Amino acid sequence: MLTKAVDLRSDTVTKPSEAMRAAMAAADVDDDVLGSDPTAHRFETEMARMMGKEAALFVPSGTMANLVSALVHCDTRGSEVILGDNSHMHIYENGGMSTIGGVHPRTVRNNPDGTMDIDRIVAAIRHPNGLCYPTTRLICLENTQGNCGGKCLSVEYTDKVGEVAKTHGLKLHIDGARIFNASVALGVPVDRLVRAADSVSVCLSKGLGAPVGSVIVGSKAFIEKAKILRKTLGGGMRQVGVLCAAAHVGVRDTVGKLADDHRRAKVLADGLKKIKQLTVDLTSVETNMVYFDITDPLISPGKLCQVLEQRNVLAMAVTSKSVRLVTHYQISDSDVQYALTCIEEAVEEILLGNAKFGHLTNGVTANSYGN
């Protein structure tokens with residue numbers, strides 16, 4: 001039994017590395033709301049350069065990064081945003097653009113590969129020539145697309161959506177929470193991958209392993225407006241260089257490890273495929289996420305995760321039949337093998353328990369009790 005948990009719930013669970021802690025302790029700081037924090041300034045300048053944009057802004061979270069971006073582009077109440085029906089911005093960000101900004105989401109179906117059909121995007125665009133409709137001002141993409149299994153949007157696809165936005169006088173925002181994962185998996189420089197975008201949010205506390213924060217990149221004019229909205233939303237912080245120092249270490253040290261995260265995810269998927277009560281689409285594993293379905297009706301995702309936790313393996317049940325595993329830089333090859341062994345043992349334990357329970361109840365199976 002491992003003494004430490006093999007935590008595969010998400011890549012948000014990483015603890016700050018010793019290098020991050022040292023950088024935080026040594027950070028040269030000042031008041032960032034007054035524009036005086038030197039570490040924050042250096043980090044933002046570097047991120048803008050890396051992403052091929054004019055300027056950048058550190059914010060506390062990915063949700064705030066996407067909200068600020070949407071509201072800068074849609075500065076007229078009653079604006080409309082086109083985005084995927086299975087996107088993080090639509091499902092997991094508390095409806096902020098509508099509740100706070102008066103911006104209407106218009107969803108387009110996400111394909112299994114994370115894309116939205118170009119013709120569907122075009123068909124969803126509405127212009128200010130009628131009394132009944134909001135005005136479309138923004139298209140949003142997500143790369144990688146989390147709910148589709150960490151799928152990567154290609155540069156060719158992103159460019160096509162960017163051309164649609166430009167042709168129709170719209171802006172393009174990319175929720176790039178894991179954009180570096182996409183860049184590494186596709187072998188495309190990150191600045192090229194987001195060239196068509198007017199703004200990009202990058203989460204620093206997911207695959208890159210920093211403890212806190214996201215960064216928004218875009219034009220200088222966009223970032224100046226974003227600073228005002230960040231303050232409005234309570235995201236203006238003082239000696240934020242402490243956090244930016246850790247984020248800088250994450251960008252410097254962790255991007256080079258993402259390919260190993262992707263390799264380990266594929267090893268996980270290969271191992272899961274060998275357990276007959278589970279099914280996984282090996283071709284769907286492009287980055288650091290693995291989704292698998294449980295085919296045996298006697299095993300629920302919740303029960304499987306519960307038994308795994310007793311073995312110090314943490315996983316996340318995402319639907320009534322599926323479980324998600326996410327690799328990150330604090331998951332080793334041995335952790336992956338241990339997790340696979342525990343998953344196989346947990347499946348056997350649950351089935352054995354169900355068989356015993358069924359015998360004791362004269363043939364009434366555990367599944368009858370909502371297992």
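Before we start, one definition: helices are DSSP runs of H or I with at least four residues, and they are numbered from the N terminus. Keep in mind, too, that this is a predicted model.

**Exercise 1. Locate Asn-94 and describe its backbone and its exposure.**

Start with the place: Asn-94 sits in the loop between helix 4 (88–91) and helix 5 (96–99). Next, the backbone: phi of Asn-94 is positive, about 65°, although the residue is not a glycine. What makes that worth a second look? Most residues other than glycine have a negative phi. Last, the exposure: Asn-94 has a relative accessible area of 73%. The cut-off for exposed is over 50%, so Asn-94 counts as exposed.

**Exercise 2. Do the same for Asn-312.**

Look in the loop between helix 13 (301–310) and strand 11 (313–314), and you'll find Asn-312 there. Its phi is near 65°, again a positive value in a residue other than glycine. As for exposure, Asn-312 has a relative accessible area of 22%, so it is partly exposed.

**Exercise 3. Find the cis peptide bond between Asn-143 and Thr-144, and say where Thr-144 lies.**

Check omega first: it is about 0° for the bond joining Asn-143 and Thr-144, and that bond is cis. For background, most peptide bonds are trans. Then place it: Thr-144 belongs to the loop between strand 5 (135–142) and helix 7 (155–167).

**Exercise 4. Work out the length, the ends and the faces of helix 2.**

Length comes first. Helix 2 covers residues 38–51, which is 14 residues, and at 1.5 Å a residue it should span 20 Å. The C-alpha atoms at its ends are 20 Å apart, so the two values agree.

Now the ends. Asp-37 caps the N-terminal end, with a side-chain oxygen 3.1 Å from the backbone nitrogen of Thr-39. After the helix comes Gly-52, which has a positive phi near 75°.

Then the faces. The buried residues of helix 2 are Thr-39, Ala-40, Phe-43, Glu-44, Met-47, Ala-48 and Met-51. Viewed down the helix axis, the buried residues fall within an arc of 165°, so they line one face. His-41 and Arg-49, on the other side of helix 2, are exposed.

**Exercise 5. Follow Met-51 into the nonpolar core.**

The largest nonpolar core has 46 residues, and Met-51 is listed with Ile-139, Phe-180 and Leu-204 as having the most contacts inside it. Leaving out residues up to four places away in sequence, Met-51 touches Ile-179, Phe-180, Val-190, Asp-191, Val-194, Val-200, Val-202 and Val-217. Apart from the largest core lies another one, of 32 residues, including Val-285, Ile-331, Leu-340 and Cys-342.

**Exercise 6. How many disulfides are there, and why does Cys-342 not form one with Cys-305?**

Searching the whole structure gives zero disulfides. For a disulfide, the two sulfur atoms would have to be within 2.5 Å. The closest cysteine sulfur to that of Cys-342 is in Cys-305, 13 Å away, so it is too far for a bond. Compare the surroundings of two cysteines: Cys-342 is buried, at 2% relative accessibility, while Cys-132 is exposed, at 69%.

**Exercise 7. Describe the setting of Leu-278.**

Leu-278 is part of strand 9 (residues 278–279). With a relative accessible area of 6%, Leu-278 is buried. Beyond four places away in sequence, Leu-278 touches Leu-272, Phe-292, Asp-293, Ile-294, Thr-295, Ile-343 and Val-347. Finally, Lys-321 is 43 residues from Leu-278 in sequence, and their C-alpha atoms are 9.8 Å apart.

Technical notes:
Residues numbered from 1 in each chain as written. Predicted model: local features only at pLDDT ≥ 70, side-chain atom pairs only at ≥ 80, totals over all residues. Heavy atoms only, no water. Core = buried A, V, L, I, M, F, W, Y, C linked by side-chain atoms within 4.5 Å. Buried < 20%, exposed > 50% of the residue type's maximum accessible area, 1.4 Å probe, protein only. Contact = heavy atoms within 4.5 Å. Helix = DSSP H or I, 4+ residues; strand = E, 2+ residues; numbered from the N terminus. Expected span 1.5 Å × (residues − 1). Arc of directions from axis to C-beta. Polar contact = N/O pair within 3.5 Å; in protein donor to acceptor, adjacent residues only side chain to side chain.
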